[in-house]
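I opened my notebook to look through a structure that is new to me. Here is what I looked up, entry by entry.

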Amino acid sequence: MGKGKWTRWGRGNCEGYGLEIGNALRASVFRNSDGFWETSINAVDHGNFENIEDAKTRIEEAIRDDVSLILEDWELWNNAKMRAA
């Protein structure tokens, strides 16, 4: 996939986009048969949207929130490891 950027796949009405952040986060946005855009991160549903812009925005916001939590936990874990050493 795109290594930190959206990549398009499919043809015509069969259209989707993927976004990978390292090996940890894999997002998908694709048009379903009803014309709505389905979204997911690591196979967890993040809702359906009427347009691609709203779908991508939702995914990017969710990833930002997830990464923020990861960075906080990473810092706590690293600090604990340093204290234990």
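Before the first entry, I note that contact here means heavy atoms within 4.5 Å. I also keep in mind that this is a predicted model.

**Entry 1: the core.** I looked up isoleucine 63 and found that it touches Leu19, Ile21, Leu25, Ala27 and Ile41, leaving aside residues up to four places away in sequence. Ile63 is also among the residues with the most contacts inside the largest nonpolar core, which has 13 residues. I then checked where that core comes from: β2 (14–21), β3 (25–31), β4 (37–41) and α1 (52–84) each supply at least two residues. The most comes from α1, with five residues.

**Entry 2: histidine 46.** I found histidine 46 in strand β5, residues 44–49. Is histidine 46 buried or exposed? Its relative accessibility is 18%, so I count it as buried, the cut-off being under 20%. Its side chain joins that of arginine 58 in a polar contact of 3.2 Å.

**Entry 3: salt bridges.** How many salt bridges does the structure hold? I found three. In one, the side chains of arginine 8 and glutamate 15 meet at 3.5 Å, N to O. In another, arginine 31 meets glutamate 15 at 2.4 Å, N to O. Arginine 31 lies in strand β3 and glutamate 15 in strand β2, so this pair ties together parts that are 16 residues apart in sequence. Glutamate 20 and arginine 26 also meet, at 3.7 Å, N to O. Through shared partners, Arg8, Glu15 and Arg31 are joined into one network.

Note on methods:
Residues are numbered from 1 along each chain as its sequence is written. This is a predicted model: local features need pLDDT of at least 70, side-chain atom pairs count only at pLDDT 80 or more; totals for chains, interfaces and linings use all residues. Side-chain values use heavy atoms; hydrogens and water are left out. Helices (H or I, at least four residues) and strands (E, at least two) are DSSP runs, numbered from the N terminus. Buried means under 20% relative accessible area, exposed over 50%, partly exposed in between (1.4 Å probe, protein chains only). A polar contact is a pair of N or O atoms within 3.5 Å; within protein, one must be able to donate a hydrogen and the other to accept it, and residues adjacent in sequence count only if both atoms are side-chain atoms. A nonpolar core is a set of buried Ala, Val, Leu, Ile, Met, Phe, Trp, Tyr and Cys residues joined through side-chain atoms within 4.5 Å. A salt bridge is a side-chain nitrogen of Lys or Arg within 4 Å of a carboxyl oxygen of Asp or Glu.
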